[in-house]
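Reader: Hey, got a minute to walk me through a structure? I'm new to this, so plain words please.

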Amino acid sequence: MANITWKMEDGSEISADVNDGLNLMEAATSNNVPNIEGECGGCLSCATCHVFVDQDWFAKTGEIDDIEDTMLDMTDVERRDNSRLSCQITASPELEGLVLYVPEP
Ligand code: FES
């Protein structure tokens with residue numbers, strides 16, 4: 001389990017304990033995090049689960065594969081160096097305290 005925090009542009013935030021193995025798009029939608037849609041259900045075809053990862057945590061969120069890299073060029077809000085598609089980040093104890101910033105279109 002890991003406690004994950006999503007920070008919104010208006011300064012609000014949502015934190016939740018996320019079970020190991022759950023992806024962070026599913027965790028966001030089940031905790032009503034705004035602006036994370038997850039339209040494709042996590043099969044890397046919508047880019048509606050875009051988040052910015054706190055720089056201190058970026059390396060711990062895993063590798064970006066070629067498909068995610070391509071999809072990151074199709075996000076509503078322009079990609080940054082710390083962009084990830086949250087359906088591709090899997091909760092694990094190493095992510096305890098992870099902070100994600102939610103882009104607003
Ligand atoms: S939920 Fe569609 S790409 Fe992540």
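Author: Sure, we'll go from the overall fold down to a few single residues, and keep in mind that this is a predicted model.

Reader: Cool. How many helices and strands does the protein chain have?
Author: There are 2 helices and 5 strands. Going along the sequence, they come in the pattern β-β-α-β-α-β-β.

Reader: And what is the radius of gyration of the protein chain, next to that of a compact globule?
Author: The chain has 12 Å, and a compact globule with 105 residues would be near 13 Å, so the two agree. If you like boxes better, the C-alpha atoms fill one of roughly 30 × 30 × 25 Å along the principal axes.

Reader: What share of the residues counts as buried?
Author: That's 45% of the 105 residues. There's also a number for long-range contacts: among contacts with a separation of 6 or more, 62% are between residues 24 or more positions apart.

Reader: Ok, let's zoom in. Where is valine 51?
Author: Valine 51 is in strand β3, which covers residues 50-53. Its relative accessible area is 0%, and buried means under 20%, so valine 51 counts as buried.

Reader: Which residues is valine 51 in contact with?
Author: Leaving out neighbours within four places in sequence, the list is Ile36, Asn82, Ser83, Arg84, Ser86, Leu100, Tyr101 and Pro103. Take isoleucine 36 from that list: the C-alpha atoms of valine 51 and isoleucine 36 are 8.2 Å apart, with their positions 15 residues apart in sequence.

Reader: Ser83 was in there too. Which strand is serine 83 in?
Author: Serine 83 belongs to strand β4, residues 83-85. At 1% relative accessibility, serine 83 is buried.

Reader: What does the side chain of serine 83 reach?
Author: One partner is the backbone nitrogen of arginine 80, at 2.8 Å. The side chain of serine 83 also makes a polar contact with the side chain of histidine 50, again listed at 2.8 Å. Beyond four places in sequence, serine 83 touches His50, Val51, Phe52, Phe58, Ile64 and Leu72.

Reader: You mentioned arginine 80. What does its charged end sit over?
Author: The ring of phenylalanine 52, with the charged end 3.9 Å from the ring's centre.

Reader: How many aromatic pairs does a search of the whole structure find?
Author: The search turns up 0 aromatic pairs.

Reader: And how many disulfides?
Author: Also none: the count for the whole structure is 0. As for cysteines, cysteine 49 is buried at 2% relative accessibility, and cysteine 87 is buried at 7%.

Reader: New topic. Someone told me to look at phi angles. What is phi for asparagine 35?
Author: Phi of asparagine 35 is near 65 degrees, which is positive even though the residue isn't a glycine. Most residues other than glycine have a negative phi. Leucine 44 also has a positive phi, about 60 degrees, and isn't a glycine either.

Reader: Where does leucine 44 lie?
Author: Leucine 44 is in the loop between α1 and β3. Asparagine 35 is placed in the loop between α1 (24-30) and β3 too.

Reader: Is leucine 44 buried or exposed?
Author: Buried, with a relative accessible area of 12%. Asparagine 35, on the other hand, is partly exposed at 33%.

Reader: What about threonine 48, where is it found?
Author: Threonine 48 is in the loop between α1 and β3. Its relative accessibility is 17%, and the cut-off for buried is under 20%, so threonine 48 counts as buried. The side chain of threonine 48 reaches the backbone nitrogen of glutamate 39 at 3.0 Å. Away from its sequence neighbours, threonine 48 touches Asn35, Ile36, Glu37, Gly38 and Glu39.

Reader: Last one: which residues does glutamate 104 touch?
Author: Not counting residues up to four places away, they are Glu9, Asp10, Asn35 and Val77. Glutamate 104 lies in the segment after β5 (99-101) and is partly exposed at 34% relative accessibility.

Reader: And how far apart are glutamate 104 and aspartate 81?
Author: They're 17 Å apart from C-alpha to C-alpha, and 23 residues apart in sequence.

Note on methods: Residues numbered from 1 in each chain as written. Predicted model: local features only at pLDDT ≥ 70, side-chain atom pairs only at ≥ 80, totals over all residues. Heavy atoms only, no water. Disulfide = S-S within 2.5 Å. Buried < 20%, exposed > 50% of the residue type's maximum accessible area, 1.4 Å probe, protein only. Helix = DSSP H or I, 4+ residues; strand = E, 2+ residues; numbered from the N terminus. Contact = heavy atoms within 4.5 Å. Phe/Tyr/Trp six-rings, centres within 6.5 Å; stacked < 30°, edge-to-face > 60°. Lys NZ or Arg CZ within 6 Å of the ring centre and 35° of its normal. Polar contact = N/O pair within 3.5 Å; in protein donor to acceptor, adjacent residues only side chain to side chain. Rg over C-alpha atoms; globule rule 2.2 N^0.38 Å.
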